[in-house]
Amino acid sequence: MPKHQNDRLQGTLDMLILKVLAGSTPSHGYAIAQRIHGLTADRLRIEEGSLYPALHRMTNDKWLKSEWGVTETNRKARFYKITPLGLRELEEEQNRWRELGRAVAQVLKLA
Amino acid sequence: MSFLTKLWNSLSSSKLHAEIQQEIETHLALLEEEARTRGLDGRDAQDARQRFGNLGKHFENIRDTNLSTGLDDLAHDVRFALRQMGRNRGFTGVALLVIALGIATGLPLDSQSAIWNGCSERIRPEFPGSLCMAAHQPVILLSRHGQSENG
């Protein structure tokens with residue numbers, strides 16, 4: 001299946017999730033969303049309706065690995081962690097994103 | 001995700017559905033917990049519950065999309081293969097010939113097919129030198145008869 005590199009928004013959500021997981025212990029969906037909200041001072045809100053499909057898709061693509069566990073408050077949750085393949089994808093997506101940012105900035109400077 | 005995985009996911013949807021349900025339930029519970037500890041009225045959790053709506057349905061849509069994408073991919077691959085075959089006529093011809101010969105020699109080895117019996121009983125006596133094999137004795141008669149005629 002082709003990767004979603006053309007779908008910029010989806011690619012961005014994937015990248016944010018991968019980035020959060022790359023720097024943390026295995027986390028459940030809620031914790032991932034909270035982390036992104038916290039890091040961006042709530043400027044970026046992750047919709048649950050996009051978060052979980054993204055997590056499942058990336059698990060299917062073997063970018064993530066998931067395992068059932070319990071939260072601090074003893075609730076059953078699925079914990080996700082990043083795989084080596086996911087780390088490579090994160091690297092690529094970051095590069096694509098920087099490239100895009102530079103290109104857009106150049107256009108904005110000209111206009 | 002391979003096509004088979006998608007197919008399997010679509011067939012084992014009830015397990016998938018239950019797992020997703022569990023995940024969403026936990027998410028909502030955590031939202032509510034947080035709202036309580038912060039002394040909020042839990043509107044966040046209610047909002048989320050609404051946003052989730054029928055997320056199970058949402059997942060089914062994703063799964064169906066994946067499946068149909070798989071079918072599209074398959075159709076695309078077949079069309080591509082046919083175009084390539086049309087472009088390389090020589091290669092296609094040789095490949096088809098090899099496949100045809102393979103099937104022709106393999107068929108009588110494991111089947112007492114009507115076609116074959118017809119061949120051995122009707123064609124063989126009339127055309128002793130024809131490329132013909134007996135179902136119970138997979139030997140190419142061409143060479144045997146050819147030798148005996150030569151010798």
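These legends accompany several close-up views of a predicted model.

**View 1. The overall layout of chain A.** Let's start with the whole chain before zooming in. Chain A has four helices and two strands, and their order from the N terminus is α-α-α-β-β-α. Of its 111 residues, 41% are buried. Among contacts in chain A with a separation of 6 or more, 52% are between residues 24 or more positions apart.

**View 2. The largest nonpolar core.** Here we look at a set of 20 residues. Which of them touch the most other members? They are Ile17(A), Leu18(A), Leu21(A), Ile32(A), Leu51(A), Leu55(A) and Leu64(A). Four elements of chain A each supply two or more residues to this core: α1 (8-22), α2 (29-39), α3 (48-60) and β2 (76-82). The most come from α1(A), which contributes six residues.

**View 3. Ile17(A) and its neighbours.** Ile17(A) is one of the core residues that touch the most other members, and this view is centred on its contacts. Leaving aside residues up to four places away in sequence, Ile17(A) touches Ile32(A) and Ile36(A), along with Leu51(A), Ala54(A), Leu55(A) and Met58(A). Two of these neighbours, Ile32(A) and Ile36(A), are buried residues of α2(A), the helix we turn to next.

**View 4. The two sides of α2(A).** Six residues of this helix are buried: Gly29(A), Tyr30(A), Ile32(A), Ala33(A), Ile36(A) and His37(A). Why do they lie on the same side of α2(A)? Because they cover an arc of only 165 degrees around the axis. A handy reminder for reading this view: an α-helix has 3.6 residues a turn, so residues three or four places apart point the same way. On the other side of α2(A), look for Gly38(A) and Leu39(A), which are exposed. After the helix comes Ala41(A), which has a positive phi, near 50 degrees.

**View 5. Where α2(A) packs against α3(A).** The axes of these two helices are 11 Å apart, and the helices pack at an angle of about 120 degrees. Are they oblique or roughly parallel to each other? With an angle of about 120 degrees, α2(A) and α3(A) are therefore oblique. Their crossing is right-handed. At the meeting point, α2(A) brings Gly29(A), Tyr30(A), Ile32(A) and Ala33(A), while α3(A) brings Leu51(A), Tyr52(A) and Leu55(A). The four residues from α2(A) are among those buried in that helix, and Ile32(A), Leu51(A) and Leu55(A) will be familiar from the core in View 2.

Methods
Residues numbered from 1 in each chain as written. Chains lettered and ligands numbered in written order. Predicted model: local features only at pLDDT ≥ 70, side-chain atom pairs only at ≥ 80, totals over all residues. Heavy atoms only, no water. Core = buried A, V, L, I, M, F, W, Y, C linked by side-chain atoms within 4.5 Å. Buried < 20%, exposed > 50% of the residue type's maximum accessible area, 1.4 Å probe, protein only. Contact = heavy atoms within 4.5 Å. Arc of directions from axis to C-beta. Axes fitted to C-alpha atoms, helices over the stretch in contact; angles between N-to-C directions. Parallel < 35°, antiparallel > 145°, perpendicular 65-115°, else oblique. Left-handed = near helix turned anticlockwise from the far one by under 90°.
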